[in-house]
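Visitor: Hi! I'm new to this one and would like a quick tour. Could you walk me through it?

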Amino acid sequence: MKKEKSTSGQATTARLLVIHGPNLNLLGTREPEQYGHTTLSDINLALSRRAETAGVELETFQSNHEGALIERVHAAREQGVRAIIINPAGYTHTSVALRDALAAVAIPFVEVHLSNVYAREPFRHHSYFSALAMGVISGLGSEGYLLALEYLLNKLNTD
Ligand code: DQA
């Protein structure tokens with residue numbers, strides 16, 4: 001990921017986006033044996049703190065609506081978002097449209113799942129996103145988001 005320069009030649013602050021799909025607003029109380037006790041606010045706070053330390057702008061977005069998620073991805077291109085961390089949740093296994101939105105904006109992204117989807121029901125073994133993703137983290141709980149962020153921060157520094 002190349003560093004961008006403003007018209008004055010100064011390097012601009014990199015912008016990252018974290019997208020959470022449907023039902024992830026219920027984290028903390030939703031099937032804790034599957035998804036743990038950490039809430040979405042806890043996850044977002046930890047990500048924001050890490051991004052702040054690294055001097056990177058990070059925005060988080062959650063929606064239970066496919067169209068809203070697609071429109072957020074479109075807006076990311078206008079905003080010059082450099083990379084996305086996305087947990088498409090249930091849409092992982094169903095949404096060609098959200099996958100196509102990510103392909104259309106061509107913003108590199110990391111796919112994250114709290115649970116190990118490959119150790120669960122067969123319908124969770126297929127993702128419409130994985131073939132387009134930079135990589136996939138599945139089964140490491142809420143830490144997976146922070147590991148994805150760490151990876152992107154390293155990328156921003158080295159590319
Ligand atoms: C999930 C796994 C999906 O199969 C499921 O529909 C979710 C959450 C995860 O983070 O483990 O909602 O993406």
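Guide: Happy to; we'll talk about one strand, then the ligand, then a glycine. Keep in mind that this is a predicted model.

Visitor: Great. Is strand β3 mostly buried or exposed?

Guide: Buried. Strand β3 covers residues 83-87, and 5 of its 5 residues are buried, so the strand is largely enclosed by the rest of the structure.

Visitor: Which residues are on each side of β3?

Guide: A83, I85 and N87 are on one side, while I84 and I86 are on the other. Both faces are covered, with all of these residues buried.

Visitor: Why do they split up like that?

Guide: In a regular strand, side chains alternate between the two faces of the sheet.

Visitor: And how many bridges join β1 to β3?

Guide: There are 5 bridges between β3 and strand β1, which is residues 15-20, and the two run parallel. In that pairing, L17 of the chain stands opposite I84 in β3.

Visitor: What about β4, how does that pair with β3?

Guide: Strand β4, residues 109-113, also pairs with β3 in the parallel sense, over 3 bridges. Here I85 stands opposite V110 in β4. To get from β3 to β4, the chain passes through helix α4 (residues 96-105), and this β-α-β crossover is right-handed.

Visitor: Changing topic: which residues are around the ligand?

Guide: The set is R30, Y35, N87, A89, G90, H93, H113, L114, S115, V117 and R124. You met N87 a moment ago, on one side of β3.

Visitor: What does N87 do there, in terms of distance to the ligand?

Guide: A polar atom in the side chain of N87 lies 2.8 Å from an oxygen atom of the ligand. For H113, a side-chain N or O atom is 2.8 Å from a ligand oxygen. With L114 the backbone takes part: one of its N or O atoms lies 2.8 Å from an oxygen atom of the ligand.

Visitor: How much of the ligand does the protein cover?

Guide: On its own the ligand has 320 Å² of accessible area, and the protein covers 98% of that.

Visitor: Last stop, the glycine. Where is G144 found?

Guide: G144 is in helix α5, which spans residues 143-158.

Visitor: Buried or exposed?

Guide: G144 has 0% relative accessibility, so it counts as buried; the cut-off for buried is under 20%.

Visitor: What does G144 touch?

Guide: Leaving out residues up to four places away in sequence, G144 touches V112 and I137. As for F61, it is 83 residues from G144 along the chain, and their C-alpha atoms are separated by 17 Å.

Notes. Residues numbered from 1 in each chain as written. Predicted model: local features only at pLDDT ≥ 70, side-chain atom pairs only at ≥ 80, totals over all residues. Heavy atoms only, no water. Buried < 20%, exposed > 50% of the residue type's maximum accessible area, 1.4 Å probe, protein only. Helix = DSSP H or I, 4+ residues; strand = E, 2+ residues; numbered from the N terminus. Pairing = 2+ DSSP bridges. Right-handed = clockwise from strand over helix to strand, strands pointing away. Near = heavy atom within 4 Å. Polar contact = N/O pair within 3.5 Å; in protein donor to acceptor, adjacent residues only side chain to side chain. Areas by Shrake-Rupley, 256 points an atom, 1.4 Å probe, with all protein chains shown as cover. Contact = heavy atoms within 4.5 Å.
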